[in-house]
Amino acid sequence: MRCLSLGMGSSFSRRYFYLCVGVVAASLALTSQIARADEDGVSFWIPGFFGSLAAVPAQAPGWSMTSIYWHDSVSAAGDVARARDITLGRVPANLTASFTGNVNANLDLGLLAGTYTFATPVLGAQASASLLGVYGSNSSTLAGTLSGALATPFGTVPFSRFDSINSSIIAFGDLLPMFQLKWNAGVNNFMTYITGDIPVGAYQSTRLANIGLGHWAIDSGFGYTYFDQKTGREASAVLGFTYNFVNPSTQYQSGVDMHLDWGVSQFLTKQWQVGLVGYLYQEIGCDSGSGDRVGCFQSRVIGVGPQVGYIFPVGDKMQGYINLKAYGEFANENRPAGWNLWLTFNLSPAAPTPPTPTRPMFTK
């Protein structure tokens, strides 16, 4: 998590206060399997992980906490629905088939992340380590007609079947550790990170709705934030790449993913922040493995939406920050599209009160 001390001038009355934005400044990559990208359209990285002020260092070392409510509603047809049907084991290996129908998913997840910011610099940067856990519900449906040609010893024969599946689960998801380094040089801020997926969450390849991903993954990237404290304006972008390991349950390996998250915002007062957030997600490697029956299956999606943030004191020594953002998705390929909403609450130590200068005492 990051807690930012903003020395505001101009209309901000030249005072210091903390803006605490969680590891998920506007949020974290969830590992919920909801037919989103790569294998079955499912990816480790959920776009929107990073947002405004992503590269700005924390003002002070120590512990902070972020909790997130995340809602996602998506749907897909065609190849994504067929790929999911294949993974469920409902498409015979000797069937060359197409799927006319849809797969839909609605998720409501709670995330809790703890972050420790170290006092000792690493390579001249501020270092922090985080661990995020996931708990929530996934409700998914698949309905449509599977049709094609079935190969037999006597030649091919027509095949058609209607599938209808309803699946829901409430469970824990995977664990996501993260390590970050951040540098500051005036209005310019730089960061690098490494994170990954520890597949301990609820997952079954033959179940439509899952919370876990089912395989290990590692993700790394770098980011930049322009932040002018005098005007309250900022712009941020983070570029990252995901390497996916083979799913041992399906022997499927998703290709390398590229993702660009961005945010721009304006502080209207010392407490209120408004702006826009967005992302571009593109799979740049082909899927592979002995379990791959859909070919390269590269995924893409674009999202954009509004954000609003509010800072408030919690007692004498703590600071609270709430961020609400939402994305609408479009230009998707081999991946569902829909909308998602993030409600983030961050709690961290408040800014230390500047010492009051002592006035010299004079005596005659």
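Which residues of the largest nonpolar core touch the most other members? The close-ups below start there. This is a predicted model, where local features need pLDDT of at least 70, side-chain atom pairs count only at pLDDT 80 or more, and totals for chains, interfaces and linings use all residues. Residues are numbered from 1 along each chain as its sequence is written, and side-chain values use heavy atoms, with hydrogens and water left out.

**View 1. The largest nonpolar core and its best-connected members.** W45, F50, W70, L109, L111, V134 and Y193 touch the most other members of this 34-residue core. A nonpolar core here is a set of buried Ala, Val, Leu, Ile, Met, Phe, Trp, Tyr and Cys residues joined through side-chain atoms within 4.5 Å. Buried means under 20% relative accessible area, exposed over 50%, and partly exposed in between (1.4 Å probe, protein chains only). At least two core residues come from each of β3 (62-77), β4 (95-117), β5 (126-152), β6 (155-172), β7 (176-185), β8 (188-197) and β12 (272-283). The top contributor is β4, which gives 5 residues. Strands are DSSP runs (E, at least two residues), numbered from the N terminus.

**View 2. Another core, set apart.** A core of 20 residues lies apart from the largest one, and A83, L88, L150 and Y252 are among its members.

**View 3. Strand β11 and its two faces.** Look along residues 257-267: D257, H259, D261, G263, S265 and F267 make up the covered face. M258, L260, W262, V264 and Q266 sit on the uncovered one. In a regular strand, side chains alternate between the two faces of the sheet.

**View 4. The partners of β11.** On one pairing, β10 (233-244) runs antiparallel to β11 with 10 bridges, and G240 stands opposite H259. On the other, 11 bridges join β11 to β12, again antiparallel, with S265 opposite G275 in β12. Strands pair if DSSP finds at least two bridges between them. A hairpin takes β11 into β12 through 4 residues.

**View 5. The one disulfide, C286 to C296.** The two sulfurs are 1.9 Å apart; a disulfide is a pair of cysteine sulfur atoms within 2.5 Å. The torsion about the S-S bond is about -80 degrees, so the disulfide is left-handed. Both C286 and C296 lie in the loop between β12 and β13 (300-314), so the pair ties together parts that are 10 residues apart in sequence. C286 is partly exposed at 45% relative accessibility, and C296 is partly exposed too, at 27%.
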